[in-house]
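The following exercises are to be worked through with the sequence and the structure at hand. Each task is followed by a solution in steps.

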Amino acid sequence: MIAEAVRRSPLADYTDRFAALSTATDGALSIRELPFVSQVDLRADPKDSDLMQRLATAIGFALPIVPNTVTSREDRRALWLAPDEWLVVGPDGQQGAIERELRNGLNSAFGSIVDVSANRTVIEIRGGKARDLLAHCVPIDLDARVFSAGRCAQTLLVKAHVIIECRDESGLILYVRASLATYAADWLLDALTE
Amino acid sequence: MSRLASGGRIDRTRPIQFSFNGTPYRGYEGDNLASALLANDVRVVANSVTYGRPRGVFSAGVEEPNALVQVGNDTMLRATQVGLVDGLEAIGLNGRGRLSLEPDGHRYDKVYAHCEVLVIGGGRAGITAALEAGQTGDRVILVDEQAEFGGRLLGAGWNDWLETSLGALRSPPDVRLLTRATAFGHYDQNLVLIAQRLPNGGRLWQARAKRVVLATGAHERPLIFANNDRPGIMLAGAARAYVNRYGVAPGKRAVIFTNNDSTDALAGDLKRAGISVEAIVDVRAGEAVLDTFPSPAGGGGQGGGLGGVTIAPLTGGGSRREVECDLLCVSGGFNPTLHLFSQAQGRLRYDQALACFVPDAAPPNVEVVGAAAGDLGGRGQGTIMPYWVVPSDGQDWSTHFVDLERDVTVADVRRALSTGMRSVEHVKRFTTIGTGSDQGKTAGINETAIIATQLGQPVGAVGVTTFRPPYVPVSFGLMAGRNRGDLFEPIRLTAMHPWHVAHGAVFENVGQWKRPWYFPRHDEDIETAVLRECRAAREGVAVMDASTLGKIDIQGPDAVEFLNRMYTNAFDTLKIGSCRYGLMCKVDGMVFDDGVVMHLGPDHWLATTTTGGAAAVLEWMEEWLQTEWTDLRVRLTSVTDHWADVAVVGPRSRDVVRGLFPKLPLDPESFPFMAIRESETAGIPVRLHRITFSGELAYELWTQSWYGLALWEAVMAAGEPFAITPYGTEAMHVLRAEKGYIICGQETDGTVTPQDLGMSWILSKKKAFIGRRSHRRRDTARPDRKQLVGLLPVERDQLLPEGAQLVVEPDGTIPTKMIGHVTSSYRSATLDRTFALAMLQSGRERLGAMVYAPLNGHVVSATVTEPIFYDKENVRRDS
């Protein structure tokens, strides 16, 4: 059961500032928080091919094996975080379903499944200037020719740990620790002045 | 005025007003401060650091050792690098800058850049390399330290080529052109740091390149002779630049002193600018400038300028002659600019024919082109006769300046060698050659040559000193970038933060977290507020945001074994739905961290850590799992931010919790101490724990952090009838100290064992755990180790400062033996007095004894007690 009224996302106070930005840049840059995204952390042995097959069947698509890539089907996505770790992501309210599916897939095999939906919030940055903005605070190469759709990476947003996913040409998704969300948002807004 | 009527790349239709040392002057768009000063006949720009000798513009670039100026709060700037802007106010320095006490008002930024090819240096070679790379579709960055590209070509009649080439570079979208950008550090894997000067600050580019092309050119070096530092003496190439690029005559009557062909074109350039060439002194023709003399006029604050030179045959015989002049153009050859190359671990070799160090083995993916690679044809060096120092005319070498910025002379180098030093590195440190803010760009190789000459060694054998970043001075502001003020360090906030702000909390930084320190009512001071908050927790009900605790989810069939090894106590018997306090040691047996471990389900646990220790504990656990205990089937996941944690504390806490969860049985039998329950209130899913860090009956209510604020507000509403009181970290500290609960990092400092803390009870005798073996060391079993005790100051009102040292005798002679220190000290509402915790040598043997804390001017006496002041029997906790 989700009580909409009582939940509050870490960047609830930034909605207006983000909206103003999109207007001010004529859409060249838009930032918004995607609140309450379902996120489940999965640890499982990638060398166990039966297990990987079971997990693929359970969630409906194969987990990415290539480092720093994303696989998806419909509104579910799986981000490669480590050789035996993935972040399985879905829309609001699906963490329970994802957990159940993964647990079915894991069956009795060794692994771990943790609901981390409230651990991080998600910031979407869109527009032609998205990558330019992030060049002011993210050290890795986010150029579209290197960091294309279907790629993800774990890096720093200045001093805050962040997962970045390239969803499509003009859209980058940032997964930021809930407690560090305002720091990240303040930095992004400050970087705009450059 | 020495401005030429025409010529140069300045715009005579756009005058710029500026002032130097308070006097107003006029320059033009395209000038820098050095060219504008020369145009206004300002010959003396600064005074030297040690001898106070007048100094003028010596070069036309970054290598400038003399013309150091201050502009506003920016100090130690090279006049050759200061672009002229309207209203500029510059002051000449006497070798030392002045640091401002004001905050740096500039705006600095940092940018990361990635490219396939980074070309450093926008002269002919660099532009050519960039053009070539730009054809491939690769990402190319071309940087140059000057305001415009072209390098030496500027003002040298290459305008058409420059225009065409730069036009071609501007069209590909993947070519980025940066001017006023100095690459100052070249690190592993081609990370290059670039300082870009912007109108009101700067930008630090952190560029990572697959391939770096160094087109850094060459610096001309001077010849060394007596009194070679007078204003009016400058590098030959600089004189050409001032005439051709800036349309300035740097003198009226010139003498040229050279050992190579590069000055051939200079005489013509000077004459065209109306400067007479009085003599060309060429060591290849057997002549040298032996000495110089000052101008006789000397008035108008411009004294000390060059008046003329004494020329003598090299052989020593023959006649000397004096030639009057106000400009002496010197060229001793060129040094390829290989600072970045050397920083990147490129090796140099000495080239006898070119009389300079050239690149030898290049590091991977680094290429050197143009003059930097030893191609000095563009400079017109042609034939060169290696020559360094003109012999002293019976003088003591004390005016043969080697390093102009540092005021170091040949006499200093000879002194260093006479003490037995042989290494160029030692001589550098003894003399300080090359340690100025110019890093000896015009001095370093001459130093090597002087040493080689003195020692009778080949120049190549003496070698050069290590080149280290930064190539040019870089301001701290640039390094800091926008990491200033609120953005200096990450600020971590809990979900309840907006409530705390709205209710007037005073915050304390705990690690990166902002935690409410106390919640003052009206104009309460901290002491009053904390006493009130503590009283509420002890007598009614109080509430604290405990969300910052570190939280680690632990899953796997070997989780119990893992926990047994990590913690000193055992977890085999802990049932699902229960928690247990756990203590962790490092391998040396010293206390590391503590927290509560929850057993959530089959093979499923959750460990809390201290707020500050969260990351370190997770790393510590992962290190053991990944490197030592790879057989353990356990997986860890950080869930610190997933959970919000509301601690409801005090004898009335059960009433508040009952109001929120009316159906949940809360009596001590149904929900005992250290039990866990799952429930919900008003649509908020909640995990309840009966945990206490205050010694009172208490509940920690956990929920996903996005419900955190709602849960907090629900607790406040349910607690209203009981006057529920929010409290902060200060009251938390007092409450736990009254109960003798330690805080890792406050009572402990990495040298404290559990036994020292009187916590032997938590050391399992049945299992191995990290640190156990160290507890058997003789030292950790010493009876005179510092042990945790309580202290009650004799004066009930006297508060011992934390950190105060404790001694046995109140009036012992100094130095007196210190036997311990105060770790925590507070005023207690419950005890109606002050109290403290301390680490005291043989503390448990001293119970009841007196110790003394000598403070500034007075001594506080205190009685040693057990480190527990309140509810020893845990009646309240278990109620």
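**Exercise 1.** Which residue in β7(B) is the bridge partner of Phe18(B)?

*Solution.* The model is a predicted one. Step 1: locate strand β1 of chain B, residues 11-20, and strand β7 of chain B, residues 88-92. Step 2: establish how these strands run; β1(B) and β7(B) pair in the parallel sense over 3 bridges. Step 3: read off the partner, which is Leu88(B).

**Exercise 2.** Describe the hairpin of β1(B) and β2(B).

*Solution.* Step 1: strand β2 of chain B spans residues 23-29, and its pairing with β1 is antiparallel, with 7 bridges. Step 2: within this pairing, Ser19(B) has Pro24(B) as its bridge partner in β2(B). Step 3: the hairpin has 2 residues between the strands, and Asn21(B) adopts a positive phi near 50 degrees.

**Exercise 3.** In the open sheet of chain B that has the order β37-β38-β39-β36-β30-β40, which strands stand at the edges, and why is one side of each left without a neighbour?

*Solution.* Step 1: this sheet consists of 6 strands, and its pairing is mixed. Step 2: β37 (676-681) and β40 (725-726) of chain B are the edge strands; each has a single partner strand, so one side of each lacks a neighbour in the sheet. Step 3: for one pairing in the sheet, take β38 (residues 684-689) and β39 (residues 698-704) of chain B, which are joined in the antiparallel sense by 3 bridges. Here Leu688(B) is found opposite Leu701(B) in β39(B).

**Exercise 4.** Characterise the interface between chain B and chain A.

*Solution.* Step 1: count the residues in contact; chain B contributes 49 and chain A contributes 46. Step 2: state the area. The size of an interface is often expressed as the accessible area lost when the parts come together. Between chain B and chain A, about 4000 Å² is buried, and carbon and sulfur atoms give 52% of this area. Step 3: consider the charged pairs. There are 8 salt bridges between the two chains; Glu489(B) forms a salt bridge with Lys159(A), with the closest N and O atoms 2.8 Å apart. Step 4: identify the elements involved. On the side of chain B that touches chain A, β8 (107-120), β31 (550-555), β35 (635-638) and α17 (708-719) each supply at least two residues. The largest share, 8 residues, comes from β8(B). Step 5: sort that side of chain B by class, which gives 20 nonpolar, 12 polar and 17 charged residues.

Methods. Residues numbered from 1 in each chain as written. Chains lettered and ligands numbered in written order. Predicted model: local features only at pLDDT ≥ 70, side-chain atom pairs only at ≥ 80, totals over all residues. Heavy atoms only, no water. Pairing = 2+ DSSP bridges. Helix = DSSP H or I, 4+ residues; strand = E, 2+ residues; numbered from the N terminus. Contact = heavy atoms within 4.5 Å. Buried area = accessible area lost by both parts, 1.4 Å probe. Salt bridge = Lys/Arg side-chain N within 4 Å of Asp/Glu carboxyl O. Nonpolar A, V, L, I, M, F, W, Y, C, P; charged D, E, K, R; others polar.
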